[in-house]
Amino acid sequence: MRLTKSSIVSIAKIRGCVRGVSSEFVLACDMRFASRENTRLGQPEVGVGLHPGGGGAERLPHLVGRGRALEIVLGANDFDGDIAERYGYVNRALPDAELDSFVDALARRIASFDRSAISAAKNLINQVSLPSADRLLDAFTSFGNALTWPEAQQRIQALLKQGLQQDEDFEKGWPAVLGMLLET
């Protein structure tokens, strides 16, 4: 909430894999720009037996709409830069070679404007577009409780045995195995 409500403008430049809490962090940023070729975004928690707990369920519907938020959260799969852009998960997906210069130029342009005007405009937009701090806290508390659920524990252990947070190749595509995780 501090990042989102700050008077500064936060811009996430996404190049790589951004899932779960990393996705929730970039969702808290004011704007998100992604590499078309080198981005994977997702909220895989449901496939692990949990649910988003850091703002994914609260912020995504405002950006992508209810149906697409449900697809992202309940489907627990990865989305590339093109689909993320089409859905509104990111502001824009750009060719990887153009990402840095685009984000830098936008940041410099915004920085050239009057800080009072930037802050006031951001505050007005925040008033109509942000989830409440109470709603975010409830989700975080619920996530903590979900970590104790027996099936979540089983799924987490199964992922760790297959290489989660240890095997680079597994890390690249593990959401693909979530539908059959306890069968393997």
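Which backbone oxygen lies 2.7 Å from a polar atom of the side chain of Lys122? In this predicted model, that oxygen belongs to Ser6. Lys122 is found in helix α7. Its relative accessibility is 9%, so Lys122 counts as buried, the cut-off being under 20%. Beyond its neighbours within four places in sequence, Lys122 is in contact with Leu3, Thr4, Ser6, Ile8, Val9 and Asp30.

Helix α7 spans residues 115–129. This helix also gives the largest share of the lining of the second largest pocket, namely 6 residues. The volume of that pocket is about 420 Å³. Its lining comprises 19 residues. Those nearest the pocket centre are Cys29, Asp30, Ile125, Asn126 and Ser129. Asp30 thus appears twice, as a contact of Lys122 and as one of the residues nearest the centre of this pocket. Two or more lining residues come from each of α2, β2, α3 and α7. By class, the lining holds 11 nonpolar, 4 polar and 4 charged residues.

The largest pocket encloses about 800 Å³ of space. Its lining is made up of 33 residues. Nearest its centre lie Gly20, Val21, Ser22, Glu24 and Glu45. At least two lining residues are supplied by each of α1 (2–5), β1, α2, α8 (133–146), α9 (150–162) and α10 (168–173). The lining divides into 18 nonpolar, 6 polar and 9 charged residues.

Strand β1 also holds Arg19. With a relative accessibility of 10%, Arg19 counts as buried because the limit for burial is 20%. Its side chain is joined to that of Asp78 by a polar contact of 2.8 Å. Setting aside neighbours within four places in sequence, Arg19 is in contact with Arg40, Gly42, Pro44 and Asp78, and also with Glu171, Lys172, Gly173, Trp174 and Pro175.

Asp78 is likewise touched by Leu41. Leu41 is among the residues with the most contacts inside the largest nonpolar core, together with Ile14, Leu60, Val64, Ile72 and Tyr89. This core has 18 residues. At least two of them come from each of β1 (11–19), α2 (21–28), β2 (31–42), α3 (56–64), α4 (66–75) and α5 (81–87). Apart from this core lies another, of 13 residues, including Leu50, Ala146, Ile156 and Leu181. In soluble globular proteins, nonpolar side chains tend to be buried together.

The surroundings of Leu41 extend beyond Asp78. Not counting residues up to four places away in sequence, Leu41 touches Ile14, Val18, Val26, Asn77, Phe79, Ala84, Tyr89 and Val90 as well as Asp78. Two of these, Ile14 and Tyr89, are also listed with Leu41 for the most contacts inside the core.

Helix α3 contributes to the largest core and to the lining of the second largest pocket. Its buried residues are Gly56, Glu58, Arg59, Leu60 and Val64. Leu60 and Val64 rank among the core residues with the most contacts. The cover over the buried residues of α3 includes α1, α2, α4, α5 and α8. Gly65 follows the helix, with a positive phi near 95°.

Note on methods. Residues numbered from 1 in each chain as written. Predicted model: local features only at pLDDT ≥ 70, side-chain atom pairs only at ≥ 80, totals over all residues. Heavy atoms only, no water. Core = buried A, V, L, I, M, F, W, Y, C linked by side-chain atoms within 4.5 Å. Buried < 20%, exposed > 50% of the residue type's maximum accessible area, 1.4 Å probe, protein only. Helix = DSSP H or I, 4+ residues; strand = E, 2+ residues; numbered from the N terminus. Contact = heavy atoms within 4.5 Å. Polar contact = N/O pair within 3.5 Å; in protein donor to acceptor, adjacent residues only side chain to side chain. 1 Å grid on protein atoms, 1.4 Å probe; cavity = no way out; pocket = protein on both sides within 12 Å on 5 of 7 lines; lining within 4 Å. Points joined across faces, edges and corners; volume = space filled by probe spheres on them. Nonpolar A, V, L, I, M, F, W, Y, C, P; charged D, E, K, R; others polar.
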